[in-house]
Amino acid sequence: MVLAVARLTAGTGAVLLGVLLAPAAGLLPATARLALVRGWVRAVVRSFGVRTRYEGTAGAVTGPLLVVANHVSWLDIPLLAAVLPGRMVAKTEVRRWPVLGPLAALGGTLFIDRDRLRALPGTVRAMAAVLAGGGRVVVFPEGSTWCGRARGRFRPAAFQAALDSGCAVLPVRIDYRPTGAAAYVGDDPLGASLWRVVTARRIVADIRVLDPISSTGYPDRRALAAAAQRAVARPPLAPSAVPAMARPPVVQRPVAQPTAPQPTVARDSANLPPSSVHQWASSRPAAASSSRTPA
């Protein structure tokens, strides 16, 4: 209980510190501001007791990208912001969250109203404009959080922005251990989810950045969404599942075998040519009843 209260206090304090420093951070150069934001979100996640492991080549990915990931928890947002910062796309309800809502708005989050389908094309155009300007957009195309083995279908609307701007799609897979403590599903209150996170013995978040997908190789947004969904849904290969050719070859050292005595072979002079018979007979010991084959 004491540890949980300490985590909740530290995490909330880190979030409030970011809110207070946000106006001043806006005056910094873009590079310094980006580094400050990444360090801040990492501190927030760590303060809540969540440990993270990042895999992939996120640091080598540059240029405009539509970053798409599966959605498990509200923790997904700061975890992605720590490694792939960009303009987040979130539901309008997030704007009304205490503390996190104003912070998301200050960070340039693009809010989408899921109950107003007529507003969806405008949001897609805003995303395409950010991508066309060289920016990065982060979206959770499942539309809601999912936990367990079952995952939601990637909705294709957001992928139209990648097609319109000609940018690549970067799929990311997010996993938590244990999943239940981090999951944020349905109408779960934010306070209850925060308490589950801080009371968990240990939560480990695995963020796996996959290979980019070129949007030019797909005819429409549905095909592009399906390709990204397949990439995210594919689990990492276990060591035993790695193809044999990918493993270092095993060198088999020859084992010395004891030399067996050679059997005595009797020669039949009738089966040898005349010259061989003469040589064999002349070298045959007189007292021997059999002989070995001459060397």
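**A covered strand and the sheet around it**

Strand β2 has both of its faces covered: Leu65, Val67 and Ala69 point to one side, Leu66 and Val68 to the other, and all of them are buried. The alternation fits a general pattern, since side chains in a regular strand take turns between the two faces of the sheet. With five of its five residues buried, β2 is largely enclosed by the rest of the structure. All of this is read from a predicted model, and the same goes for what follows.

On one flank, β2 pairs with strand β5 (residues 136-139) in the parallel sense, over four bridges. Val67 has Val138 as its bridge partner in β5. There is also a pairing with β6, again parallel, this time over five bridges. Here Val67 stands opposite Leu170. So much for the strand's partners within the sheet; a helix comes in as well. Helix α9 lies across β2 and β6 (168-177), and its direction makes an angle of about 35 degrees with β6.

Zooming out, the sheet is an open one built from seven strands, ordered β1-β7-β6-β2-β5-β3-β4, with mixed pairing. The edges are taken by β1 and β4 (110-112); each has a single partner strand, so one side of each is left without a neighbour in the sheet. On average, neighbouring strands are turned by 20 degrees against each other, direction ignored. As for what holds such an arrangement together, strands of a sheet pair through backbone hydrogen bonds, either parallel or antiparallel.

At the β1 end, the pairing with β7 is parallel and spans six bridges. Thr52 has Ala205 as its bridge partner in β7. A little further along β7 (residues 203-209) sits Ile207, which counts as buried because its relative accessibility is 0%. What does Ile207 touch once residues up to four places away in sequence are set aside? The list runs to Arg53, Tyr54, Glu55, Leu79, Leu80, Val172, Arg173 and Ile174. Glu55 is a nice case of sequence and space disagreeing: 152 residues separate it from Ile207 along the chain, yet the C-alpha atoms are 6.2 Å apart.

Past β7, the chain enters the loop that leads to α9 (221-233), and this is where Ser215 is placed. Ser215 has a relative accessibility of 4%, so this loop residue counts as buried. Its side chain reaches the backbone oxygen of Cys167 at 2.7 Å. Cys167 also turns up among the contacts of Ser215 beyond four places in sequence, along with Ala162, Leu163, Gly166, Ala168 and Leu224.

At the other end of β6, there is a small oddity in the backbone. Most peptide bonds are trans. The bond joining Arg177 and Pro178, however, is cis, with omega at about -5 degrees. Pro178 belongs to the loop between β6 and α7 (179-182).

Next come the rings. An aromatic pair is described by the distance of the centres and the angle of the planes. The count here comes to two such pairs. In one of them, the rings of Phe48 and Trp74 have centres 5.8 Å apart and planes at 80 degrees, so the pair is edge-to-face. This pair links distant parts of the chain: Phe48 is in the loop between α2 (30-47) and β1 (50-55), while Trp74 is in the loop between β2 (65-69) and α3 (76-83), 26 residues apart. Phe48 is buried at 4% relative accessibility, and Trp74 is buried at 7%. Phe154 and Phe159 also form an aromatic pair, and this one is stacked, at 6.4 Å centre to centre with 25 degrees between the planes. Phe154 counts as buried, with a relative accessibility of 4%, and Phe159 is buried too, at 0%.

Finally, some whole-chain numbers put these details in context. The protein chain carries ten helices and seven strands. Of its 295 residues, 36% are buried. Taking contacts between residues at least 6 apart in sequence, 76% join residues at least 24 apart; the Phe48 and Trp74 pair, at 26 residues apart, has already shown a link between distant parts of the chain. The accessible surface comes to about 17500 Å², and carbon and sulfur atoms account for 60% of that area.

Terms used:
Residues numbered from 1 in each chain as written. Predicted model: local features only at pLDDT ≥ 70, side-chain atom pairs only at ≥ 80, totals over all residues. Heavy atoms only, no water. Helix = DSSP H or I, 4+ residues; strand = E, 2+ residues; numbered from the N terminus. Buried < 20%, exposed > 50% of the residue type's maximum accessible area, 1.4 Å probe, protein only. Contact = heavy atoms within 4.5 Å. Areas by Shrake-Rupley, 256 points an atom, 1.4 Å probe, with all protein chains shown as cover. Polar contact = N/O pair within 3.5 Å; in protein donor to acceptor, adjacent residues only side chain to side chain. Phe/Tyr/Trp six-rings, centres within 6.5 Å; stacked < 30°, edge-to-face > 60°. Pairing = 2+ DSSP bridges. Axes fitted to C-alpha atoms, helices over the stretch in contact; angles between N-to-C directions.
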